[in-house]
Structures are given as structure tokens and as C-alpha cells.
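Subject: Structure handover

Hello,

Here is the structure we talked about handing over. My notes on it follow below.

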Amino acid sequence: MAGESDIWPASSLSPFASPESLDPQLKDFLDKANLRLCNWLGEAASRSPLPSLSVLPEIAPLKLGLSSEALLEDLQMVMDGAYQPSHPGALAHFDPPPLTASIAADLICAGLNNNLLAEELSPSLSRLERQVCRWFSDCLGLPSTAGGVAASGGTLSNLMALVVARQTANLQQDSSAVVIASVDSHVSLGKAVRVMGLAPDSLRRVPTDENGQMSLQAVEDLLKKLKFSGRKCFAVVATAGTTVRGAVDPLLSLCHLCKREGVWLHVDGAIGGAFALSKTTKPIVSAMSQADSVTVNPQKLLGITKTSSLLLVSDRSHLASTFSTGLPYLEPSWTDSHGGEMGLQGTRPAEVLKLWLGLRQLGELGIKQLLESAIDRRCFLQGKLDTSSFELISGPLHVIAFTPKKADQNQAEKWSSLTRQKLLEEHLMLSRPLHHGRHYLKVVLGNPHTKSSHLEKLSFLLNKSVDEVS
Ligand SMILES: *Cc1c(COP(=O)(O)O)cnc(C)c1O
């Protein structure tokens, strides 16, 4: 067997921090990594949001572990090729700059290395998660029986919601059972029905109206038709904030309809759910309080670092009755249920830490400011865009998409591709969704670094771009 000093020569960074006393190597390495990160963030505005092709460092571990300097150089190469959400022109997606407290909490989370699977592996953090879910439920106006669980992204939250809905309807054995959502609902629902082993036509997408909202009449008609043909529907999914235009489905009417029909209503509030956290913006989504379950994704707007998503259920006992296995190799839960018994994931990091600390950093006023200013920026840009040249589609939130009126489908594709490229050269990054068969450019205005001067420049370039449609 090789001696300790052969495996860990003085030149490589020692692998684990000393449990005896403050480890100078650990501190030095974290300080240096920290400085690089601070520089990366501090230089954001002077680069592009989307770096050009970068080189990756070597992948395989060498025979001997690397020194701290070599590790930092490796890290730097990856950082240099990273997307930069803190650039003021990063306007393409729901990926805002990270909150300072959230960054620190992510680091602490890694250092604690607790496991939300079970309480004995995360005593304080399991309680924190339960209470943060409780607090969110209260903000959304869900009943006192409500609670939830954190998940690594909205895709998982939506999947878990549908599994709970199906179990509650006692339709686990029925692969022809149906979920109803709108044509503008998120792609994650398509994944969910596949994972759940449902028939390919189990996801029924009903049309939206001219505002991008799910047609209530179409849902009603479809429910009738399904009944007539003997197919069971176990959930209607309403979207609070659609991905391309930020439309909010008619939540209250859908809640009433679903109650009447005895069908689970899930609200996919991955984009819009956060707007419930401030009194002034809450009315946009207030009917979420009547839903059976809600997905919220604080990672998408509030600057909580990825991933941060919650599934909230109006009767939290449904979570354990759907997912619990008994966890025979762990001590029983001290209170409710182990985290690992409330959802699909087993071992899970304490993602709740950066959510909780980030919200504490913002405070009520900071949250209100983030939400309102995002909507204000969308209104400002909307007012600057030439409505005689563009078809604009938007909703009550902070996202807007547009396409030239005079272009056919091919011209719209060319225009969107060319314009996106030209804007990128100006360090303005938009996205280019294909929506109802036609290409649009989309702007997401959740970036707090974006000033009106950026939006003036953006609208000027966009209005000019229409002249080049051919
Ligand atoms: C982003 C999004 C999701 C999926 O969330 P992930 O965190 O990307 O898995 C679900 N629904 C809507 C409406 C979304 O915008």
C-alpha cells in the first residue's frame, strides 16, 4: 500500500477539511475560489451574456490530485464559458442573476452536506423546509391543512402533482386516464404523462383564447365528452404564467369547474406563482388559493439560485399517502413525515436554505420591488415597440413576445434568427420561441440590472429590424 504522503504530496490540495481545528488549506482555497466568483460577477457587464465558444479543461483525474492553483485554473476555464445571468442584457429566459444571500446559502448547503431524505440526516433543515412550505402556503392563501416539499425543478413538482392527483382519484391502474391542460402549457406535462405510463393521448391540450388563456368552455366540453366516452379525467392543469407570453389561465373559474366535477386542479405557477408574495401583485394569481396543488419556482424570478421549486398541496397528507414507503432503514419521523416520504426524490440537498435566506435578504419591500419592477419593465418595453409593425403577445406578467405582422412563417423565422444574432452582438440576449407554428422573439424582464436605457436601445434596434424583413 502506498504511504499517505505518496497519495497526498504537499503539492496537492488536501481532500477533507480537518475536523480538529480550522483548516488553513480549506480557508485559503475557499477564499480564492470566492474571489474568482466575485470577479466573474463583477465583470459581468463588460462581457456578453452568452460567451462565444470556450475551451474546457482536461476531464479525467490525473494520477496525483491537483494543487489548489491548478484546480482554480480549471474552474476559471469553465467559468469563462458560462452563461452570464448578471449581464443587464440577459433577457432571454427565466434565469435571473443570483441573490447574494442565496449564493452564500448554496455554499453553506454544500458544506453542511445534509440530506433531506430523513430528519436524522438534516434535523434543522428538515424543519426549515417544512416551515418554509407552510409559509408559502399561507402567502398563497391555501388552507391550514396545506404543506409541501421542495423539488429540484418545476418539472419534478409538476410530475409529483400529477402522481398525487392520480393516486387521490384512485386511477393508478387506468393507463387511459386523462390530464387536461392548454396548448400553451409547459412541456414538462408531456414528460410527466410519459413517465406515468399513460396512453399517448392522455394529455389533452385545449385551445387558448386571443389572450393566451385556456378556454373554459373547451375544458367543460372536453370533460363532458370524456364522460360520454367513458374515459376518466384525474387532473386539470391551469398555468399561471405561460412560457412564451406569461398568460394566466382563468384560475377561479377553473377551480369552480373542477370542484363541481370532482377533478383535481393543479396550478403550474412556475412563472406566475411568485407574484403571490406581494400584496400589489397577488391579485393576478390570487385564485391559486383554491387549487388542490400548486407548483412555484422561486429560481425563475426572485434570484434564488438553482434549483428552487416547491410543490404545495392543499391537503399535505396526500403527499405521504402517495409517496411513503416506510423507509425501513431509518428512525421514524419526529413529526410529520420524512422529506423522502413526501415526494419522488430520495436523497436531496437542502435547497430550502437558499430560498429562505434569499427571501430574508430581500425582505417584503425587496420582494415587492423585484416583482413590480419586472412588470414595469415589460410595460415600458411594450410601450416602445412599434405596434403597427409587430404583433405583440403578452399577459399580466414580465414577459412579452413579438413577430413582424407583415412576415410569413419563413420570413418570421429568418427575421428572428438574424435579429437575435444582431442583438447578441450588442450584448442583448433574447430567445426565439416557435409559438403556434410561427417564430417570435421573446423578452423576459426579470433582470433587475436592466435599465430603461437598455430597453430603449433594444426597442430602437427591434423597430428597425422590421425594415429588413424579406
Ligand atoms: C420552467 C417551467 C416549468 C419547469 O420547471 P423546471 O424548473 O425547468 O423543471 C414548468 N412549468 C412552467 C410554466 C415553466 O415555465
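The side chains of Ser188 and Asn158 make a polar contact at 3.2 Å. This is a predicted model, so please read every value here as computed. Ser188 belongs to helix H7, which covers residues 188-195. Ser188 counts as buried because its relative accessibility is 2%, and the cut-off for buried is under 20%. Setting aside neighbours within four places in sequence, Ser188 is in contact with Thr155 and Asn158.

Next, strand S5. How many of the six residues of strand S5 are buried? Six of the six are, so S5 (residues 264-269) is largely enclosed by the rest of the structure. Both faces are covered. Trp264, His266 and Asp268 are buried on one side. Leu265, Val267 and Gly269 are buried on the other. S5 pairs with strand S4 (residues 233-239) in the parallel sense, over five bridges. Across from His266 in S5 stands Val237.

Now the pockets. The largest has a volume of about 920 Å³. Its lining counts 28 residues, and Ala33, Leu37, Leu41, Ile103 and Leu107 are the closest to the centre. Three helices each give two or more residues to this lining: H2 (24-42), H3 (68-80) and H4 (100-112). Helix H2 gives the most, with nine residues. By class, the lining of the largest pocket has 20 nonpolar, five polar and three charged residues.

The second largest pocket has a volume of about 520 Å³. It has 21 lining residues. Nearest its centre lie Trp135, Cys139, Leu277, Glu364 and Ile367. Which helices each supply at least two residues of this lining? They are H5 (123-140) and H11 (352-384). H11 gives the most, with eight residues. The lining of the second largest pocket divides into 10 nonpolar, four polar and seven charged residues.

Then the enclosed spaces. There are five cavities of 30 Å³ or more. The largest cavity has a volume of about 80 Å³. Its lining is made up of Leu116, Ser126, Glu129, Arg130, Gly148, Val149, Ser337, His338, Gly339 and Met342. Helix H5 and strand S1 (147-151) each supply at least two of the lining residues. The largest share, three residues, comes from H5. H5 also supplies at least two residues of the second largest pocket's lining. By class, the lining of the largest cavity has three nonpolar, five polar and two charged residues.

The second largest cavity holds about 60 Å³ of space. Its lining includes Asp184, Ser185 and His186. Thr239, Gly241, Thr242 and Thr243 also line this cavity, as do Asp268, Ala270, Ile271 and Lys300. Asp268 is one of the buried residues of S5 noted above. The lining of the second largest cavity has two nonpolar, six polar and three charged residues.

For a first look, I would start at Ser188 and its polar contact with Asn158. Then go to S5 and its parallel pairing with S4. The second largest cavity comes next, since Asp268 is in its lining. Finish with the largest pocket and H2.

Best wishes

Notes: Residues numbered from 1 in each chain as written. Predicted model: local features only at pLDDT ≥ 70, side-chain atom pairs only at ≥ 80, totals over all residues. Heavy atoms only, no water. Helix = DSSP H or I, 4+ residues; strand = E, 2+ residues; numbered from the N terminus. Buried < 20%, exposed > 50% of the residue type's maximum accessible area, 1.4 Å probe, protein only. Polar contact = N/O pair within 3.5 Å; in protein donor to acceptor, adjacent residues only side chain to side chain. Contact = heavy atoms within 4.5 Å. 1 Å grid on protein atoms, 1.4 Å probe; cavity = no way out; pocket = protein on both sides within 12 Å on 5 of 7 lines; lining within 4 Å. Points joined across faces, edges and corners; volume = space filled by probe spheres on them. Nonpolar A, V, L, I, M, F, W, Y, C, P; charged D, E, K, R; others polar. Pairing = 2+ DSSP bridges.
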